[in-house]
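I am opening a fresh notebook page for this structure. Come along while I look things up, one entry at a time.

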Amino acid sequence: MSTISEETKIEIDCLITGELKVNTFLIHNDTSVIVIDPGGDPEKIITAVKDYTNVLLLLTHCHYDHSGAVNEVYNALPQAIFAAHDKCLKTGRDPIKNLSRFLLNTTYSIDLDPDFHLQDNKQFEFDQIKILPLHSTGHSPGHLCYYLPQQRLLFCGDLLTAEDIGRHDVPGSSLTHMIEDCKDLLSHIPADTLIYPGHGEEIKAEKVKHTNPHLQKFYR
């Protein structure tokens with residue numbers, strides 16, 4: 001998967017990482033790269049980004065399959081910075097809440113302190129790329145979607161896919177809240193926004209309203 005935005009000279013690539021085949025997204029220009037959800041295969045990620053001058057590591061949420069390589073990637077790259085939501089980190093430090101025991105019968109904890117803390121709906125900028133974190137609570141505490149308003153791109157983690165929503169049977173999750181999160185998000189982004197989920201293929205915001213069975217009834 002590779003998408004190019006001519007307007008701001010950025011490119012989006014996707015690495016499939018970890019045992020559960022998470023989409024690890026690389027948003028990059030000539031000198032800088034944003035890594036969203038380094039879920040596994042740290043060597044693969046490090047090789048892909050090590051030559052960039054600036055590296056920003058972001059997590060949509062701290063479940064093991066989306067964060068399992070963040071410690072190794074950060075520690076291997078002196079130019080890397082790590083930004084996270086406080087509630088997400090609390091989940092990431094607990095092997096039960098981050099699902100490492102449940103998913104893979106292992107014990108994992110994020111042992112990093114963020115270089116800066118992310119807040120809901122507070123836009124920040126990384127090498128001229130504007131990023132708006134949007135909190136969605138239904139799947140995991142501190143779950144963030146990342147909206148790039150200049151490019152109309154949304155990286156939504158495990159909030160939704162074209163035909164499903166994320167798990168709502170794990171600690172801290174709620175089906176009701178997930179559906180409300182989806183509806184609220186779709187009401188605040190342009191219809192032509194391209195949505196990149198944590199698993200599966202990208203889809204336009206307008207189309208997902210009619211392909212996702214959890215949402216169809218609200219948009220008939």
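**Entry: a first look-up**

Is Tyr 196 buried or exposed? I looked it up: Tyr 196 counts as buried, because its relative accessibility is 0%. A reminder to myself before going on: this is a predicted model.

**Entry: aromatic rings**

I wanted to see how rings meet here. A pair of aromatic rings is described by the distance of the centres and the angle of the planes. The structure holds 5 aromatic pairs. I began with Phe 25 and Phe 155, whose rings meet edge-to-face, 5.2 Å centre to centre and with 65° between the planes. Phe 25 belongs to strand 3 (residues 22-28) and Phe 155 to strand 11 (residues 153-157), so their pair ties together parts that are 130 residues apart in sequence. I noted that both Phe 25 and Phe 155 are buried.

Next I turned to Phe 155 and Tyr 196. Their ring centres are 4.9 Å apart and their planes at 10°, so I wrote this pair down as stacked. Tyr 196 lies in strand 12 (residues 194-197) and Phe 155 in strand 11, so this pair ties together parts 41 residues apart in sequence. Phe 155 has a relative accessible area of 0%. Put together, ring pairs link Phe 25, Phe 155 and Tyr 196 into a cluster.

One more ring caught my eye, that of Phe 218: the charged end of Lys 183 sits over this ring, 4.2 Å from its centre.

**Entry: strands**

Strands of a sheet pair through backbone hydrogen bonds, either parallel or antiparallel. I traced an open sheet of 6 strands in the order 8-9-10-11-12-13, and its pairing is mixed. Strand 8 (124-126) and strand 13 (203-204) are the edge strands, each pairing on one side only. Strand 8 runs antiparallel to strand 9 (residues 129-135), and 3 bridges join them. I found Glu 125 opposite Lys 130, which is in strand 9.

Then I went to strand 2 (residues 10-17), which is joined to strand 3 by 7 bridges, the two running antiparallel. Leu 15 stands opposite Thr 24 of strand 3. Strands 2 and 3 form a hairpin with 4 residues between them, and in the turn Gly 18 has a positive phi of about 80°.

**Entry: nonpolar cores**

Which residues touch the most other members of the largest nonpolar core? Among its 26 residues, these are Val 35, Val 49, Val 55, Leu 57, Val 70, Phe 82 and Ile 110. The elements giving two or more residues to this core include strand 4 (32-36), helix 1 (42-49), strand 5 (54-58) and helix 3 (70-76). I then followed Val 55: not counting residues up to four places away in sequence, Val 55 touches Val 33, Val 35, Val 49, Leu 77, Gln 79, Ala 80, Ile 81 and Phe 126. Another core, of 22 residues, lies apart from the largest one, with Ile 10, Phe 124, Leu 148 and Leu 194 among them.

**Entry: His 66**

Last, I looked up His 66, and found it in helix 2 (residues 64-67). His 66 counts as buried because its relative accessibility is 0%. Its side chain makes a polar contact of 2.8 Å with that of Asp 37, and another of 3.3 Å with the side chain of His 199. Leaving aside neighbours within four places in sequence, I listed further contacts of His 66, including Val 22, Pro 38, Leu 59, His 61 and Asp 158.

Terms used. Residues are numbered from 1 along each chain as its sequence is written. This is a predicted model: local features need pLDDT of at least 70, side-chain atom pairs count only at pLDDT 80 or more; totals for chains, interfaces and linings use all residues. Side-chain values use heavy atoms; hydrogens and water are left out. Buried means under 20% relative accessible area, exposed over 50%, partly exposed in between (1.4 Å probe, protein chains only). A polar contact is a pair of N or O atoms within 3.5 Å; within protein, one must be able to donate a hydrogen and the other to accept it, and residues adjacent in sequence count only if both atoms are side-chain atoms. Contact means heavy atoms within 4.5 Å. A nonpolar core is a set of buried Ala, Val, Leu, Ile, Met, Phe, Trp, Tyr and Cys residues joined through side-chain atoms within 4.5 Å. Rings of Phe, Tyr and Trp (its six-membered ring) pair if their centres lie within 6.5 Å; planes under 30 degrees apart count as stacked, over 60 as edge-to-face and the rest as tilted. A charge sits over a ring if NZ of Lys or CZ of Arg is within 6 Å of the ring centre and within 35 degrees of the ring normal. Two strands pair if DSSP finds at least two bridges between them.
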